[in-house]
Amino acid sequence: MTTAGPTPEAMPERNPGATSDANTNLRDFSGLIALIGAGKMGGALLEGWLRLGLDPRKVAVLEPELLPHIAALASRGVRLNPGAETLRQADVIVIAIKPQAAGEALAALAPDISSSALIVSIMAGRTLRFLSATFPKTKAMVRAMPNTPAAIGRGITVAVAVKADQRQRQVAHRLLGATGAVEWIEDESLMDAVTALSGSGPAYVFLLAEALAQAGAAVGLPANLAEKLARETVAGSGELLHQSRQDAATLRQNVTSPGGTTAAALAVLMRPNGLIRLMSEAIAAATARSRELAG
């Protein structure tokens with residue numbers, strides 16, 4: 001905070017384009033979607049589709065672990081664990097299973113997937129080459145990396161495609177966009193850095209909230225108050241960044257009065273071995289690990 005009251009610069013103009021680029025309506029979506037895996041991320045996608053008006057009868061879910069919330073999908077009209085014939089009819093196959101289970105599980109399903117189907121995978125580390133080898137008769141593939149804010153419709157997904165035409169890209173964009181913004185890249189090798197930044201990024205933000213709460217308690221705040229202040233500060237600042245036309249550096253500068261309390265704190269955080277260097281090292285480490293996992 002600063003010692004003076006807020007200036008006009010500290011209250012930036014709202015960015016009217018700062019909402020998700022997701023489609024607001026899937027009621028007109030045609031075709032059948034097979035969702036393989038309805039865990040946290042697959043479930044978030046499904047809930048996003050249904051929230052946007054997708055007819056539940058247009059979704060077939062393949063999920064062997066029938067937890068109560070998954071079993072309840074049948075009562076909502078979703079086809080749950082249908083036979084091979086339904087899978088053969090699917091126009092889009094969305095793969096949301098754990099990557100370590102992918103080899104055996106997908107090999108068993110591959111013979112029943114149409115050669116004209118669009119494959120959309122959100123499995124971390126599984127490359128387009130892996131998908132092409134797993135589904136040799138299917139051409140159009142999309143590899144995507146969402147992140148956990150997808151659970152509340154505020155995620156961001158980065159996608160890369162191979163042999164997918166413009167219509168198929170639009171289909172993938174609409175489905176992935178049900179949980180937040182979508183960005184497309186042409187170079188798949190960038191997905192390791194994407195994973196390190198946005199895929200793993202929510203954990204870094206949560207760690208920041210933890211660190212703020214602990215630091216607040218260390219200077220005398222009651223622990224529960226420090227935790228609430230940290231949580232609301234991180235959440236509110238994120239929303240301000242989301243809605244503002246200004247970049248992060250400008251927003252930071254707007255909060256910082258020369259010689260004030262914020263400047264004193266930033267002098268520590270922005271030391272040569274401070275937060276920027278630590279974050280660079282962290283992203284580099286996560287990128288390297290993603291490459292290792294991808295093989």
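Let's start in helix H6, which covers residues 166-176. Its buried members (under 20% relative accessible area with a 1.4 Å probe and protein chains only; exposed is over 50%, and partly exposed lies in between) are Gln168, Arg169, Val171, Ala172, Arg174, Leu175 and Leu176. Helices here are DSSP runs of H or I with at least four residues, strands are runs of E with at least two, and both are numbered from the N terminus. An α-helix has 3.6 residues a turn, so residues three or four places apart point the same way. At the start of H6, a side-chain oxygen of Asp165 comes to within 3.2 Å of the backbone nitrogen of Arg167.

A word on the model: it is predicted, so local features need pLDDT of at least 70 and side-chain atom pairs count only at pLDDT 80 or more, while totals for chains, interfaces and linings use all residues. Residues are numbered from 1 along each chain as its sequence is written, and side-chain values use heavy atoms, with hydrogens and water left out.

From H6 we can step into the largest nonpolar core, which has 34 residues. Such a core is a set of buried Ala, Val, Leu, Ile, Met, Phe, Trp, Tyr and Cys residues joined through side-chain atoms within 4.5 Å. Among the elements that give two or more residues to this core are helices H1 (40-51) and H6, along with strands S1 (33-36) and S4 (92-95). Trp49 and Val92 have the most contacts inside the core. Contact means heavy atoms within 4.5 Å. Leaving aside neighbours within four places in sequence, Val92 touches Val171 and Leu175, and its other contacts are Phe29, Leu32, Ile33, Ala34, Leu118 and Val120. Apart from this core lies another, of 28 residues, including Ile97, Ile113, Leu131 and Met145.

Met145 brings us to Val194, since beyond four places in sequence Val194 is in contact with Met145, Val158 and Gly199. Val194 sits in helix H7 (residues 191-199) and is buried, with a relative accessible area of 13%. Val194 and Ala286 are 92 residues apart in sequence, yet their C-alpha atoms are 9.8 Å apart in space.

Now for the whole protein. There are 12 helices and eight strands, and the C-alpha trace spans about 70 × 40 × 35 Å along its principal axes. Of the 295 residues, 39% are buried. Among contacts with a separation of 6 or more, 65% join residues 24 or more positions apart.

Note on methods:
A polar contact is a pair of N or O atoms within 3.5 Å; within protein, one must be able to donate a hydrogen and the other to accept it, and residues adjacent in sequence count only if both atoms are side-chain atoms.
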